[in-house]
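Student: Please take one part of this model and examine it closely, then place it in its surroundings. I should like the cut-off behind each term to be stated.

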Amino acid sequence: MSKDGSSAVFPLTLEYAVRWARKNSLWPMPYGTSCCGIEMMSTLSSTYDLARFGAEVVRFSPRQADLLLVAGTITTKMGPVLRQVYDQMCEPKWVIAMGACSSSGGIFNTYSVLQGIDEIMPVDIYVPGCPPIPEGLIYAIMRLQETIEKGLPRPKAERLTPEQARNAMSYREVITDSIFKDPAKVSLDESFSKSPAPETAKSESTHSKKEG
Amino acid sequence: METLLKNNLVTPLQDYYNPNVLLNLGPSHPAMHGTLRVMCRVNGETIEDASCEIGYLHRAIEKLAEHKTYHQWIVYTDRLNYCSALANNVGYVMAVEDVMGITITERCMYIRMICLELARVIDHIICVAINALDMGAMTVFWMLYTWREQAYTIIEGMCGMRLTTSYARIGGMAYDLPENFQAEMKTFMEGLPKTLDDVEKLLSANRIWVDRTKDVGILTAEECLGFGLTGPVARASGVDQDLRRDRPYYNYSDLDWDVVVATKGDVYDRYLVRMEEMRQSLKILKQLCAKLPGGSIWTEDSRVLIPKKKDVYEKMEVLIHHFKIFMEGIDVPPGESYRAIEAPNGELGYYVVSRGGPKAWRIKIKSPSLALFQSYEHSIKGAKIPDAIAILGSLNIIAGELDR
Amino acid sequence: MSRLLLKNREAQDGINGHLKQNYTQHGRYDEDANQEGILWLVSSGDLPEVVRKLRDDSSLAMDRLADLSAYDNIDGVDGVGRFVFFIHLYSSKFHSRMRIKCLVADGEEVPTLTGVWPMANWLERECFDMFGIRFRGHPDMRRILMDERFEGYPLRKEYALEARQQFSDSLPIRMVTESEVSK
């Protein structure tokens, strides 16, 4: 209803309205294990104030949260616990890997540290830094809102190639092209199947040359 | 019914009235700070027995010390107690300097003392704020965090990073203090006491706070000695020990300050000790800023001296020297040293064993948090479940330091 | 160099002198870079006895255990024995430090210090976890930092830094007094 009592028409589809609502009420579950957890607290507290992005309702129960904020080193001992927390979250759910440790193991390439949480679960956004400054985390949340608004598909639970990981770490626009393919254009599976098998093509061409 | 019982198909009724219920807290529990885990055997609300599990943040920092050069390992000290990284840096370089026999300059010493005290203030801020937050006092958290952000701004000016500082170097500091340092410190030192007053007004006589913290988690002086507790927790129990006064390093004996000691050893006393220690640290900081001498921040010892960038570009020998320090690492003679500082949480010690060469043979970190968490298992027996949360917050256990 | 105050230096020298005079029957005396005393015990079996003696000696009063661990001696620089086991002691009365060291062979059991200081409990468990040194008489001798299914001892020099052992689930926590509960 508008102010004068006449019924207002919203030029929206319901699907878009749902996405819009989801985007602006992300309930994060902070999984802060180490240094990044402290910076995450800074982000949530007075100076940076994550409430501006509708993501201040911190839920410590995975059942009530839709954004898993993994901030800090995940060790091999912690891995199964984190996976269980992720499994307990209801769909739709998103994951942000905050900091170098949870993205790739960071400076801890050791016998007890998981080399990136993408070994055990899909990750939507990687935030570089050790630890990332609060602005970095806020930027990541804004990017996530963007992907939710556009309704882009989530990445698969597959480990990224080094090339993709490098792009993800540098906030380049490539990130949306390579990982979050626009569903309208081409799906991720199709792009893999469509690309011609390079070996057979090569052998055919050499063969024809020999013939000629 | 009897046949059912015989075949274990139903449990006898009395088993349902077992008072020994096991309750798991953590590792992913908001009050367990992310990585701690306690299994409690509860009878009603009372914890009768508890067992702690650690190692959820074991990152092999000590093993890395054997694989990295002495300078490379400074970054790992940041991630031990990430709430007070400045103090960890200083403690580590002190131990290595002892093995090498290096004397640092006066200005470097003062900057390091400023680091130690600034780290203490921000660490206590986080401890009090989180302890209050765990018990629902959100305002205190926001008020104190404003000043932590202010301190971060100062630290960022000093070394370029907010949390993981890597500020100290063996034989000197990475950078000199920035130009606006004194002015920013002045605002910090004048502003924080006002907030501390406000926090004390909010908490110290607050009925809920007092009810939840007084007589909770009492540790006696004997228990502190047995569990090897140090720092504010031990001082709250009446153990009058402070390495800054007992075994003064740097210039602490020339400054005017007091060791804060309480008597009872409960959560409330630990809170009071931390609040007063912040004021004492600010007092030390004020004196240090007033006395700050000029001169170089680097020792003249050529084994560790990192040359100036200008010389590196212009002089051949300096370039080679620079290359050697960064590519091979500094050569530390065989020897060993145990150097402990009064870190915000208690005695933080680095035991460096060198067998020559650029990498340490073994570095053992004596972390105050390990002793604190071990005593936690003991002190929550007989307490209620909400008390266990209050006690954990007051001990200020940092998982990075606990598991290393 | 170590910037100890004169007062502390004198106290530390007094402790060192006392150690040199009265404790050499237990082992060799040595000093580190900070001129703090090191007592190299001949046999690890004497450990609890010597530690109690040091604690009760009124001119030493080594009443606080600061740290306990070991380091690898695979190259034999410090003598015959796979590991060097060490403890740091602190005297609250004289504010001085000393260190006890002891060579331990692979598989040799060291007597526990949990009877003297309860703090030794976790430190000894950590030492076992990282080096595989077992402690005789310890109430709960199992791994503390690593998973119990973990194989090998990571702080030994032969264990590779990047040798990860991953498990798909976590073990249930074990209460120390579980047997008492079931009774």
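Tutor: The answer begins with a sheet and then turns to the chain around it, the contacts between chains and two helices elsewhere.

The model is a predicted one, in which local features need pLDDT of at least 70 and side-chain atom pairs count only at pLDDT 80 or more, whereas totals for chains, interfaces and linings use all residues. Residues are numbered from 1 along each chain as its sequence is written, and chains are lettered from A and ligands numbered from 1 in the order in which they are written.

The part chosen is an open sheet in chain C, built from five strands in the order S1-S2-S5-S4-S3 with mixed pairing. Helices (H or I, at least four residues) and strands (E, at least two) are DSSP runs numbered from the N terminus, and two strands pair if DSSP finds at least two bridges between them. Strand S1 (27-31) and strand S3 (64-72) of chain C form the edges, each pairing on one side only. From one strand to the next, the twist averages 20 degrees; axes here are lines fitted to C-alpha atoms, for helices over the stretch in contact, with angles running from 0 to 180 degrees between N-to-C directions.

Within this sheet, strand S2 (residues 37-41) and strand S5 (residues 96-104) of chain C are joined by five bridges in the parallel sense. Leu41(C) stands opposite Cys102(C) of S5(C). Towards the S3 edge, helix H3 (residues 120-131) of chain C lies across S3 and strand S4 (83-91), at about 5 degrees to S3(C).

The sheet belongs to a chain with four helices and seven strands. Along the sequence of chain C, these elements follow the pattern α-β-β-α-β-β-β-β-α-β-α. The C-alpha trace of chain C spans about 55 × 45 × 30 Å along its principal axes. Of the 183 residues in chain C, 39% are buried. A residue counts as buried if 20 or more other C-beta atoms lie within 10 Å of its own, as exposed if 12 or fewer do, and as partly exposed in between, with C-beta atoms placed from the backbone. Among the contacts in chain C with a separation of 6 or more, 49% join residues 24 or more positions apart; a contact requires two C-beta atoms, placed from the backbone, to lie within 7 Å.

Outside the sheet, Glu158(C) is found in the loop between strand S7 (134-136) and helix H4 (178-182) of chain C. Glu158(C) has 8 other C-beta atoms within 10 Å and is therefore exposed. Its C-alpha is 22 Å from that of Lys101(C), and the two are 57 residues apart in sequence.

Chain C also meets a partner: 39 of its residues are in contact with 47 residues of chain B. That side of chain B divides into 15 nonpolar, 16 polar and 16 charged residues. Here Ala, Val, Leu, Ile, Met, Phe, Trp, Tyr, Cys and Pro count as nonpolar, Asp, Glu, Lys and Arg as charged, and the others, Gly among them, as polar. The contact between chain B and chain A takes 27 residues from chain B and 29 from chain A. Helix H2 (61-65), helix H6 (138-159) and helix H17 (399-403) of chain B each supply at least two residues to that side of chain B, and H6(B) gives the most, with five. The side of chain B that touches chain A comprises 14 nonpolar, eight polar and five charged residues.

Inside chain B, nine of the 11 residues of helix H16 (residues 385-395) are buried, so this helix is largely enclosed by the rest of the structure. Its cover includes helix H5 (106-134) and helix H12 (267-291) of chain B. Asn396(B), which follows H16(B), has a positive phi near 55 degrees.

In chain A, helix H2 (residues 35-44) is mostly covered, with 10 of its 10 residues buried. H2(A) packs against helix H5 (residues 134-150) of chain A at an angle of about 75 degrees, with the axes 9 Å apart. That angle makes H2(A) roughly perpendicular to H5(A); the class covers 65 to 115 degrees, while angles under 35 count as roughly parallel, over 145 as roughly antiparallel and the rest as oblique. Glu39(A), Met40(A), Ser42(A) and Thr43(A) of H2(A) meet Pro134(A), Leu137(A) and Ile138(A) of H5(A).
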